[in-house]
Each structure stands twice: as structure tokens, then as C-alpha cells.
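Please look over the structure shown below before reading on. The report that follows goes from the single chain to the pair of chains, and then to a few chosen residues.

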2 protein chains.
Amino acid sequence: MQHRSEETRNHILEAAAQLFSKTGYDATGVAEICDAAGVSKGAFYHHFPSKQAVFMELLNSYLSGIDSGFQMMRQEDNNVPQIILKMASLVGSLFQTADIHLPIFLEFWTQANHDPHVWEAAIAPYRRYQSYFASLIQEGIAEGSLQPVDAQLAARVLVSLAVGMLMQSLFDPQITDWHTEARQSMELLMNGIARRKE
Amino acid sequence: MQHRSEETRNHILEAAAQLFSKTGYDATGVAEICDAAGVSKGAFYHHFPSKQAVFMELLNSYLSGIDSGFQMMRQEDNNVPQIILKMASLVGSLFQTADIHLPIFLEFWTQANHDPHVWEAAIAPYRRYQSYFASLIQEGIAEGSLQPVDAQLAARVLVSLAVGMLMQSLFDPQITDWHTEARQSMELLMNGIARRKE
DNA sequence: AGAATCATACCGACCGGTCGGTATTAATTA
DNA sequence: TAATTAATACCGACCGGTCGGTATGATTCT
């Protein structure tokens, strides 16, 4: 049957995600993954051609997860600032439960910087997000809810802020309520910090 | 003499930095470092007790470099927004020449997430920067050049944005003029994106 | 001379991946 | 339905090779 097979496959994936995020990709041995998954090494290499293949599958799975998360956000027909704020708090709430996901994203980045395969898999959705935000901002400018800023630049700032907060969540466990933290941060970006002239 | 000794030490450090940033910490072997430095393994372990010690020395060296960079910025007595903008463009210009430094920062982060020693060495300056920015913002609020925002929050946003841009510079080689990119991004954060109600 | 500096040879642990073989399940046949 | 065959899922010992680190000898300085 396929049931058992699929189960062990998932076991391997889950165990690998756990270990990669805790110990790191390089430092995690295939044997450890097999151990944690309660699976033999043979089974591992029956399901995946290599350790990297597991890694790539995790990467793609996570990325498509984010994608679908954004997709759901689109139907709402508020004005652009509200949409962005909503997305921020959604992403923020993702952080909350993502004590396994976040470190592995860091792992993705690091690996991407060394391996062209991982790089391509990571850069594509990154560009997608950026151009998506750019068009969103453009739309906001058109509808008059946003200032006539450089949309590309603003999109980069948005993504940068998100990424930066992601990194921060790894190193600052003190903030627990990322939901509001993300929202407030985005509000700050929207409204600006400097005192308005006049 | 100490000259020769110090020279080989630096050779090792430089070679290690190069390789760590290109290949990654784990994937880089001590033998490779020695090769690239034109030094024997014996010399390596004469100067450093372990591979990690080299890594830590690089980390501390870089961090103190940033520190001193910020230190220099302080004497200028403009108002706070101008100081922040100036810091931004300074940091941005750092990005420019930092094709070796940036990847190694990523390496630092990743290692810090796995190794408590690295973590402590990395988190301390991080907190320093954050509290420094917080007090700077507080000062700006006091002098009336900034809105009465939550200084801690704004500081986190500032740092997040910087970190995010740093990550972005790794993956978006298209932007070449990080000097102005950083400045414009910071201006955007200062002025806000949303159209003012007025 | 003798201490500091560097080179060479080497060790044991470990790693990703392979392979021959076994158990389990699905498909086929009668 | 029961028996037989074929295919798939899984096992775990094992291999070549690499790694960080050490021991020891050569060389260079003061």
C-alpha cells in the first residue's frame, strides 16, 4: 500500500525539519534523521535520492505555504494600507508558532548562498513577493491611499522589514506577541517616524 | 621575531574569512584554509586552538569594526533624523565593498543559532545597537524632530530594516548603489508611505 | 642554547551514500 | 477465496573518503 510509504516519508521530512532547525543542515547527519524518524537508512535513501533532496523539499513546501497564505489575503477588498497591515499581522502571527520554521529559513538562506540549486529555488519566490508588493503599492498610489513613492523601492523596504523582523524573532525571544509587533512596525513604516513639517 | 608570526596569523584570518564567506563554515576544511593561507596545519594550530576560534575572532573583529564606525558618527551634532540618515548611507556604503563580509555575517547568524558561544558573542552587540538607536530616537523625540513614537519599537524597526537590507543585498545583486538605496529606504521609513490625512 | 615558529605524518571518528537481502503489500491467477 | 507471483518498502552492515585535531620533528629567531 502507499499509506505506510507516505507515512515514513513524512516522518523523515518532519524529523529532518526538526534537526535542521536545531542543529543545522551540515551538522545534521542522515543517521540522526533516520534515528529521529524511526526509520532505517535504507528507507531514507529509498524515498530521497540525497540529503539535499530532503532539504529542497522542505524549502519548496515552506515557500508554497507562504504563497498560498498571501493568495488568501488577496480577496479582501479593503484599501491598500489596510491590506498591507493585515498581511503584516498575519505574517507576524506566523512567527509566533514558527520556532521550527524560522531557524530553518536561516538555514535556507545560508545554503542558498553556497549552492546554486538552492539559490534558484529561494530567489524565485523572493522576487515574486517583491514584485507582488510593488504592484500592490502601485495600486495604492493609484487609488490615492499611498504617497507617490517609488513602488519598487517601497516594496524592497517592505520585504526588508519583514525579513529583518524574521531575523529578529530568532534572536529576541523577549518579544512574544509578534502579531501586534508586526502590525505596529508596519504602521510605523506607513506613517513615518519623523515629525511632519507644518 | 613577532613579525612573521603576526603575518601568518593574518594570512590565516584572511583566508578563513574568504573561504567561510564563499563555502560556508562547516564546509570549509582547516586544510583548505591552510592551503589558501600558504601555511601548514601546524602553524594553524599554533596560532589558534581550534577552527571555531578563528571564526570567533573574525566575528569579534567585524563587530568591533561596526562599533567604531558608529562611534565616529556620534560627534556630528545635527538633529536626529539627519544623524540616522547619515548612518544609513554609511551602512549602505559598507554594503558596497562587503562582498566578503556579508556572507560571513550570514554564517555568523547561522552558527549563532546552533552554538551558545557564538550566540552570546553575536547577541551582545545586537542589543547594544538596538538600545543605542532607542536612545537616539528618544533624543529625537525630546528635541521635537521625531514623532512621539515608542522608541523601543522604532529602534527594533530600524534594526530590522537594516538587517533586512543586509539580507537583501545578498540576494539582489542588481542593486549596486547601496549608498543611496539605504538612504532612500531610511527616508521612506522616516516620512512614511501612507498619504497623510492632514 | 633554547624558545618560538612552522612543517609533516598521522590518528580515530564520522559522514553521505551503497548494496545485498528481507519483509510487506498489491496484482494475478485459478 | 486461496495460492502464487511480482513489485514495492524497508533494513542495517558496510565502504571510501574526509574531517578536526595531535604528535613530533625541522627551522628560525633571540
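What share of the contacts in chain A with a separation of 6 or more comes from residues 24 or more positions apart? In this predicted model, such residues account for 65% of those contacts.

## The single chain

Chain A holds 9 helices and 0 strands, and from the N terminus on its elements therefore read α-α-α-α-α-α-α-α-α. Along its principal axes the C-alpha trace of chain A spans about 70 × 35 × 30 Å, and of the 198 residues in this chain, 38% count as buried.

## Where the chains meet

The contact between the two chains involves 45 residues of chain A and 45 residues of chain B. On the side of chain A that touches chain B, at least two residues each are supplied by helix H6 (101-114), helix H7 (116-143), helix H8 (151-171) and helix H9 (178-191) of chain A, and H8(A) gives the most, with 15 residues. Sorted by kind, the residues on this side of chain A divide into 25 nonpolar, 15 polar and 5 charged.

How are the two chains related to each other in space? A turn of 180 degrees, with a shift of 0.0 Å along the axis, lays chain A on chain B with an RMSD of 0.1 Å, and that is the relation of a two-fold axis. In chain A, the C-alpha nearest this axis belongs to A:Gly192, and it lies 1.7 Å from the axis. The same surface serves both copies, since 100% of the contact residues of chain A recur in chain B.

## Two helices of chain B

Helix H9 (residues 178-191) of chain B has 14 residues, which at 1.5 Å a residue should span 20 Å, and its end C-alpha atoms are 19 Å apart, so the two values agree. Among the buried residues of H9(B) are B:Trp178, B:Glu181, B:Arg183, B:Met186 and B:Leu189. What covers the buried residues of H9(B) includes parts of both chains, namely H8 and H9 of chain A together with helix H5 (80-96) and helix H8 (151-171) of chain B. H9(B) is followed by B:Gly192, which has a positive phi, near 85 degrees.

In helix H2 (residues 30-37) of chain B, the buried residues are B:Ile33, B:Cys34 and B:Ala37. Seen down the axis of H2(B), these buried residues fall within an arc of 95 degrees, so they line one face of the helix. An α-helix has 3.6 residues a turn, so residues three or four places apart point the same way. Just after H2(B) comes B:Gly38, which takes a positive phi of about 65 degrees.

## The core and a partly exposed residue

The largest nonpolar core has 106 residues, and those with the most contacts inside it are A:Ala16 and B:Ala16. Leaving aside neighbours within four places in sequence, B:Ala16 is in contact with B:Ile33, B:Val54 and B:Leu58; B:Ile33 is also one of the buried residues of H2(B).

Why does A:Gln18, which has its place in helix H1 (residues 2-23) of chain A, count as partly exposed? A:Gln18 has 16 other C-beta atoms within 10 Å, and it is partly exposed because a buried residue needs 20 or more and an exposed one has 12 or fewer. Not counting residues up to four places away in sequence, A:Gln18 touches A:Ala36 and A:Ile100. The C-alpha atoms of A:Gln18 and A:Asn60, which are 42 residues apart along the chain, are separated by 16 Å.

Key: Residues are numbered from 1 along each chain as its sequence is written. Chains are lettered from A and ligands numbered from 1 in the order in which they are written. This is a predicted model: local features need pLDDT of at least 70, side-chain atom pairs count only at pLDDT 80 or more; totals for chains, interfaces and linings use all residues. Helices (H or I, at least four residues) and strands (E, at least two) are DSSP runs, numbered from the N terminus. Two residues are in contact if their C-beta atoms, placed from the backbone, lie within 7 Å. Ala, Val, Leu, Ile, Met, Phe, Trp, Tyr, Cys and Pro count as nonpolar, Asp, Glu, Lys and Arg as charged, and the others, Gly among them, as polar. The expected span of a helix is 1.5 Å times one less than its number of residues. Copies are superposed by least squares on the C-alpha atoms of residues with pLDDT of at least 70 in both. A nonpolar core is a set of buried Ala, Val, Leu, Ile, Met, Phe, Trp, Tyr and Cys residues joined through C-beta atoms within 7 Å. The arc is that of the directions from the helix axis to the C-beta atoms.
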